[in-house]
Amino acid sequence: MTIATKGAVKSLDVSDLERNRVPIILSNTYHLLVRPGLEAMRRRGGLHKFMGWDGPMLTDSGGYQVFSLGKMRKITEQSVTFRSHIDGAIVELSPEQSIEMQQAIGSDIMMQMDVVLAPDVPRIIARDAMEQSIRWAKRCKDYLNLNREQSMTKDQKLFGIVQGGIHEDLRAMSVKGLTDLELDGYAIGGLSVGENPEDNLRVAAYTADLMPSDKVRYFMGGGKPEEIVAYVKMGIDMFDCVIPTRHARHGSLFVWGGEVTPELLNEPDFYKKIIIQNAEFEDSDEPVDPNCDCTLCTNHSKAYIHHLFDMKEPLAERLATEHNVRFYMKLMETIREGVENDVI
RNA sequence: GGGUCGGUACUCAAGCGGUCAACGAGGGCAGACUGUAAAUCUGCUGGCAUCAGCCUACGUGGGUUCAAAUCCCUCCCGGCCCA
C-alpha cells in the first residue's frame, strides 16, 4: 500500500498512482478527522470520491497517532484524547468514533483502534495495551455491526491488530483474543517502532505463524525492501510503509541491483539506496536506474534530478516519489511472481 | 585634500584584551528516516594529525602587553560627508 495519509500520496496525483500500478492506498482516520472532519467527509461523499481514487483503500484507525503524537494525548479505557497538532483543540477518538470516521471515509478496509507502544515499555504495560486492544477490537466490531448503514462504501471490512510488543506469549494471547472475534483480516502492529532488527524478525515470524492463513495477514508500517521479502516468506500478504515516499522527498532513491527478476530478490544486495543530492551525481548523464520504467528513469538523467534537488524545485520530489513508488510496486510484483513460480 | 565609518573563514555577519580556530545564517560535504505533526532532522565544514595536540589565521607592516580579531601607529582598499 502506498501511503496517502491526508487523502493524497504526497506530491503525486491519482493518475500517477494508476500509471505506476499502485493497487491500494492507505489513508488515516485521525488526520482526516482533524481536517476536514467527519461531517465534511460525509458531505464530500467519502474519500474515494473526494480524491478521485476508484481503487481499494485501507484506513488506519488513528491508533498509530496515539503512539507518534504521544506527548499530546491521554489514553483511558474509553478513548484517547488528543490535542490537535494543528490548533491545540481537543480531539477525542474512541474505538466507536474511529469506526464512525472510517465509515465516513468509506475505506474498503478499516483498522481497529489499537494501543501502540514503544518496544522498551515494561512487560506489564505491553500486556495491558494488548488486552485493551482486544477489547477495543470488539467495540469496533460491535459498533460496525449496529451501524452498517452509515458507511459511505458497502461491505467495509474490519481488520484486527495483534499487539504484545516483543513478547511471544503476549503475541499469542493477542492472536487468540482477536481471532475469537472473527474479524475479516489480521495485522501485526507494534513493530518497526524502534525495536532491534532481531526482535522485529523474530516476533513477526512467530506471530505470522499463529495468524489464520485463510485470512489476509498484514504487517503494519514495514518495511525496507529486504524486510518485506522476509515477511512474505513468513506468510504475510499486505504492507504499508512511508519509506518509499518520505525517502524520495529527502533525496534517497532506490536502485535495482540488476535486471529485475524473482531470482534477483534472493541476492543479498538486490538493490541499493543512493542519495541523489550527493556531489558524485552532479555530472552523470545516466538514468538513476536503467532497470526502472518510471518517468524519471525514462526521461531524465541523474544530473538533472540532482540539480532539481539542489535548486529545491518541487518537481524533484514528484519525480523522486514516483520513482520510489514504482520501485516498491515492482518489488511487490516481482515477489508475487516469485511466490507463484516457487522461486521465493 | 579634510573628516568620518568600515575591512573577520566560500558568502553574509557577530565578537571589540584572555573562556576564539572565532556566535549565528546561507552555501558546501555527509548521514538518518519503517501503520507520515517530516519538501524534515542530525553531524561536519582553516591545515596537519599517532585524534593527545600542533601549526597558520580576523586587510598590510610594526608596536604595547604575560596575553591582541579586540588597544596604539603606518600603509593599502571601500562607503558616506565636506571642499
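## A guided tour of chain A and RNA strand B

Begin by selecting helix H13, residues 302-310 of chain A, where Lys302, Ile305, His306, Leu308 and Phe309 are buried. These five side chains lie on the same side of H13, because they cover an arc of only 160° around the axis. Adding helix H12 (295-299) and helix H14 (314-340) to the selection shows what the buried residues of H13 pack against. Note throughout that this is a predicted model.

Next, step past the end of H13 to Lys312, in the loop between H13 and H14. Its phi is positive, about 55°, although Lys312 is not a glycine. Lys312 is exposed, with 8 other C-beta atoms within 10 Å.

**The whole chain**

Zoom out to chain A, which has 14 helices and 13 strands. Its C-alpha atoms fill a box of roughly 60 × 45 × 35 Å along the principal axes. For 344 residues, a compact globule would have a radius of gyration near 20 Å, and the 20 Å of chain A agrees with that. Of these 344 residues, 46% count as buried. Among contacts between residues at least 6 apart in sequence, 69% join residues at least 24 apart.

**The two domains**

Colour residues 2-241 as domain 1 and residues 246-340 as domain 2, following the domain assignment of chain A. The C-alpha centres of the two domains lie 28 Å apart. The contact between them takes twelve residues from domain 1 and 15 residues from domain 2. On the side of domain 1, select helix H10 (residues 225-233), which gives the largest share, four residues. By class, that side of domain 1 has six nonpolar, three polar and three charged residues.

**The surface near RNA strand B**

Display RNA strand B and the 46 residues around it; His85, Val116, Ser192, Gly221 and Val242 come nearest. The elements that give two or more residues to this surface are strand E2 (25-28), helix H5 (63-68), helix H11 (243-249) and H14. Colouring the surface by class gives 16 nonpolar, 18 polar and twelve charged residues.

**Val260**

Move to Val260, in the loop between strand E12 (252-256) and strand E13 (271-275). Val260 is buried, with 21 other C-beta atoms within 10 Å. Leaving aside neighbours within four places in sequence, select Asn291, Lys330 and Thr334 to see the residues in contact with Val260. For a distance across the chain, pick the C-alpha atoms of Val260 and Leu191: these residues are 69 apart along the chain, and the atoms are separated by 29 Å.

**Backbone details**

Three further stops concern the backbone. Select Arg35 and Pro36, which are joined by a cis peptide bond with omega near 10°. Pro36 is found in the loop between helix H2 (29-34) and helix H3 (38-43).

Then select Gly222 and Gly223, where the peptide bond is also cis, with omega about 5°. Gly223 belongs to the loop between strand E10 (216-219) and H10, the helix already visited on the side of domain 1 that touches domain 2.

Finish at Glu182, in the loop between helix H8 (168-179) and strand E9 (185-188). Glu182 is not a glycine, yet its phi is positive, about 50°. Glu182 is exposed, with 10 other C-beta atoms within 10 Å.

Terms used. Residues numbered from 1 in each chain as written. Chains lettered and ligands numbered in written order. Predicted model: local features only at pLDDT ≥ 70, side-chain atom pairs only at ≥ 80, totals over all residues. Domains from an automatic or database assignment. Contact = placed C-beta atoms within 7 Å. Nonpolar A, V, L, I, M, F, W, Y, C, P; charged D, E, K, R; others polar. Buried ≥ 20, exposed ≤ 12 C-beta atoms within 10 Å, placed from the backbone. Arc of directions from axis to C-beta. Rg over C-alpha atoms; globule rule 2.2 N^0.38 Å. Near = placed C-beta within 6 Å.
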